[in-house]
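Could you walk me through the inside of this protein, its cores and its pockets? I am new to it and would like to take it step by step.

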Amino acid sequence: MLFVEIPYRLEFLDNFYLKFVSESLLYLRNVVLYICLWVFGYLCLCCIVYRKYARRLPTRTRGALGAKRVLIVIAHPDDECMFFGPTIYRLCEQGAEVYVLCLSHGNFEGKGQIRKQELWDACKVLGVPDHNVCLINDTRLPDNPKVQWPVPVVAKLIEHQVEALDIDTLVTFDRGGVSSHPNHAAVFYAVAYMFVEKTMSEKCTVYTLDSVNILRKYLGFLDLPLSFLLSSKRYFLRWTESRRVLRAMKRHKSQMVWFRYLYVIFSRYMVINTLRKINLADIELELEVDD
């Protein structure tokens with residue numbers, strides 16, 4: 001009797017195993033199929049949005065801020081290319097007078113003098129003339145992620161540039177600083193300080209560059225539909241236009257290590273910038289969240 005039951009049980013286990021495997025493979029195939037369909041659909045959506053936005057709209061109305069004199073405030077040489085390239089390129093193309101204020105000379109690795117010249121060379125490629133670029137060399141503002149920049153000092157420097165250049169639009173980092181670099185965040189807090197202390201010019205409109213999660217950050221142009229959905233102010237470059245930002249970034253030869261090449265290939269910030277207009281109410285809300 002035992003001799004008969006053992007083969008029966010083995011046959012039952014074999015059938016159960018084969019059924020489980022076949023059902024698992026079928027489920028896995030369906031999941032892969034759904035993922036492929038979703039990816040294909042999303043790629044089609046990206047192509048549709050790209051075609052509609054990049055080819056049909058006139059250049060001078062594409063994401064225009066209506067700005068005439070714009071100050072881009074950055075923390076280090078190469079920030080203008082790595083993060084603000086699309087904004088600078090498009091503003092220059094639209095005829096705005098663009099100024100760049102860089103708050104340190106990027107001497108973290110002892111290459112301050114080299115990076116200073118690289119900043120001028122890169123800005124020239126983007127369309128910003130030499131006399132519109134200002135680089136601050138202040139020992140209180142070292143290129144060092146472990147050093148907290150004094151907010152009042154940074155605010156005073158920005159205030160001076162805004163007043164001296166009669167700036168009507170200021171663009172800089174948001175609280176996240178795109179890469180969470182403390183020096184980037186310090187620029188935002190300096191702007192916040194100006195709002196709170198009421199030293200920001202009333203005629204100056206302030207925009208911050210949106211920080212996004214790491215997945216979106218490295219989607220490249222595939223982030224275009226999400227950018228359209230989540231932001232009303234955006235600058236997007238066509239493939240042919242993004243090459244100039246790439247050429248500008250390559251002027252920062254001292255910074256072009258292997259992972260920077262990966263960044264310029266995959267980062268959305270090389271082709272897409274989404275901006276958010278901020279005011280005192282927004283600043284107070286963000287500062288409350290920090291507390």
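The questions and answers below look at the cores and then the pockets of this predicted model.

Student: Which helix gives the largest share of the largest nonpolar core?
Tutor: Happy to start there! In soluble globular proteins, nonpolar side chains tend to be buried together. Here the largest nonpolar core has 43 residues, with Ile 72, Phe 83 and Leu 119 among those that touch the most other members. Its largest share, six residues, comes from residues 112–126, which form helix α4.

Student: Which residues does Val 98 touch, not counting those up to four places away in sequence?
Tutor: Good choice, as Val 98 is among the core residues that touch the most other members. Leaving out residues up to four places away, its contacts are Val 70, Ile 72, Ile 88, Leu 91, Cys 92, Val 128 and Asn 132.

Student: Which element gives the largest share of the lining of the largest pocket?
Tutor: This pocket has a volume of about 470 Å³, and 23 residues line it. Two elements, α2 (79–82) and α10 (258–266), each give two or more residues to that lining. The largest share is three residues, and they come from α10.

Student: How many residues lining the second largest pocket are nonpolar, and how many are charged?
Tutor: This pocket holds about 270 Å³ of space. It is lined by 15 residues, with Trp 239 and Ser 242 among the closest to its centre. Three lining residues are polar, and the others divide into 11 nonpolar and one charged.

Terms used: Residues are numbered from 1 along each chain as its sequence is written. This is a predicted model: local features need pLDDT of at least 70, side-chain atom pairs count only at pLDDT 80 or more; totals for chains, interfaces and linings use all residues. Side-chain values use heavy atoms; hydrogens and water are left out. A nonpolar core is a set of buried Ala, Val, Leu, Ile, Met, Phe, Trp, Tyr and Cys residues joined through side-chain atoms within 4.5 Å. Buried means under 20% relative accessible area, exposed over 50%, partly exposed in between (1.4 Å probe, protein chains only). Helices (H or I, at least four residues) and strands (E, at least two) are DSSP runs, numbered from the N terminus. Contact means heavy atoms within 4.5 Å. On a 1 Å grid over the protein atoms alone, a cavity is a set of points where a 1.4 Å probe fits but cannot get out, and a pocket is an open set with protein on both sides within 12 Å along at least five of seven lines; lining residues have an atom within 4 Å of a point. Grid points are joined across faces, edges and corners, and a volume is the space filled by probe spheres set on the points. Ala, Val, Leu, Ile, Met, Phe, Trp, Tyr, Cys and Pro count as nonpolar, Asp, Glu, Lys and Arg as charged, and the others, Gly among them, as polar.
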